[in-house]
Amino acid sequence: IDGMDLSADTLIVAPSDKFVHFQDGRIRLVLPQGAAERRLTIDPMLISLAAERGEQSAAVILSGLGSDG
């Protein structure tokens, strides 16, 4: 999915070892930088989405870890 165009009606399933960010109208997969960032997976994605699309963005987040979710 890295490099795909950011478009409506798209389901993104992130690999467990990378974060999803949005830049220049494209989906970017990035490696976490340090232990603190590994815990914050959703916030950076939503911040980059808001920066990229502003009020024209929306997200539905289905999240779980291990047997939780």
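**Briefing: a core, a hairpin and a helix**

Seven residues make up the largest nonpolar core here: Leu-6, Val-20, Phe-22, Ile-27, Leu-29, Met-45 and Leu-49. Three elements each give two or more residues to this core, namely β1 (19-23), β2 (26-30) and α2 (42-53). Bear in mind that this is a predicted model.

**The overall layout**

- You're looking at two helices and two strands, and along the sequence they come in the pattern β-β-α-α.
- The protein has 69 residues, and 17% of them count as buried.
- Take the contacts with a separation of 6 or more: 29% of those come from residues 24 or more positions apart.

**The β1-β2 hairpin**

- β1 and β2 run antiparallel to each other and pair over five bridges.
- One of the facing pairs puts Gln-23 opposite Arg-26 in β2.
- The two strands form a hairpin, with two residues between them.
- β2 shows an alternating pattern of side chains: Ile-27 and Leu-29 point to one face and are buried, while Arg-26, Arg-28 and Val-30 point to the other face and are not.
- Ile-27 and Leu-29 also belong to the seven-residue core.

**Helix α2**

- α2 has twelve residues, and its first and last C-alpha atoms are 16 Å apart, close to the 16 Å expected at 1.5 Å a residue.
- Its buried residues are Pro-44, Met-45, Ser-48 and Leu-49. Looking down the axis of α2, these buried residues fall within an arc of 135 degrees, so they line one face of the helix.
- The general helix geometry is handy here: an α-helix has 3.6 residues a turn, so residues three or four places apart point the same way.
- What do the buried residues of α2 pack against? They pack against β1.
- Over on the other side of α2, you'll find Ile-47 and Ala-51 exposed.
- Right after α2 comes Gly-54, with a positive phi near 60 degrees.

**Two residues of α2 worth a click**

- Ser-48 sits in helix α2. Is Ser-48 buried or exposed? Ser-48 has a relative accessible area of 10%, so with the cut-off for buried at under 20%, Ser-48 is buried.
- The side chain of Ser-48 reaches the backbone nitrogen of Phe-22 at 3.1 Å.
- Leaving out neighbours within four places in sequence, Ser-48 is in contact with Val-20, His-21 and Phe-22.
- Leu-49 is also one of the buried residues of α2, and a core member too.
- Not counting residues up to four places away in sequence, Leu-49 touches Leu-6, Phe-22, Gly-54, Ser-57, Ala-58 and Ala-59.
- Two of those partners, Leu-6 and Phe-22, are in the nonpolar core along with Leu-49.

**Positive phi without a glycine**

- Which residue in the turn of the hairpin has a positive phi? That's Asp-24, at about 55 degrees, although Asp-24 is not a glycine.
- Asp-24 belongs to the loop between β1 and β2. Its relative accessibility is 65%, so Asp-24 counts as exposed, given a cut-off of over 50%.
- Asp-9 isn't a glycine either, yet Asp-9 has a positive phi of about 60 degrees.
- You'll find Asp-9 in the segment before β1. With a relative accessible area of 83%, Asp-9 is exposed.

Key: Residues are numbered from 1 along each chain as its sequence is written. This is a predicted model: local features need pLDDT of at least 70, side-chain atom pairs count only at pLDDT 80 or more; totals for chains, interfaces and linings use all residues. Side-chain values use heavy atoms; hydrogens and water are left out. A nonpolar core is a set of buried Ala, Val, Leu, Ile, Met, Phe, Trp, Tyr and Cys residues joined through side-chain atoms within 4.5 Å. Buried means under 20% relative accessible area, exposed over 50%, partly exposed in between (1.4 Å probe, protein chains only). Helices (H or I, at least four residues) and strands (E, at least two) are DSSP runs, numbered from the N terminus. Contact means heavy atoms within 4.5 Å. The expected span of a helix is 1.5 Å times one less than its number of residues. The arc is that of the directions from the helix axis to the C-beta atoms. A polar contact is a pair of N or O atoms within 3.5 Å; within protein, one must be able to donate a hydrogen and the other to accept it, and residues adjacent in sequence count only if both atoms are side-chain atoms. Two strands pair if DSSP finds at least two bridges between them.
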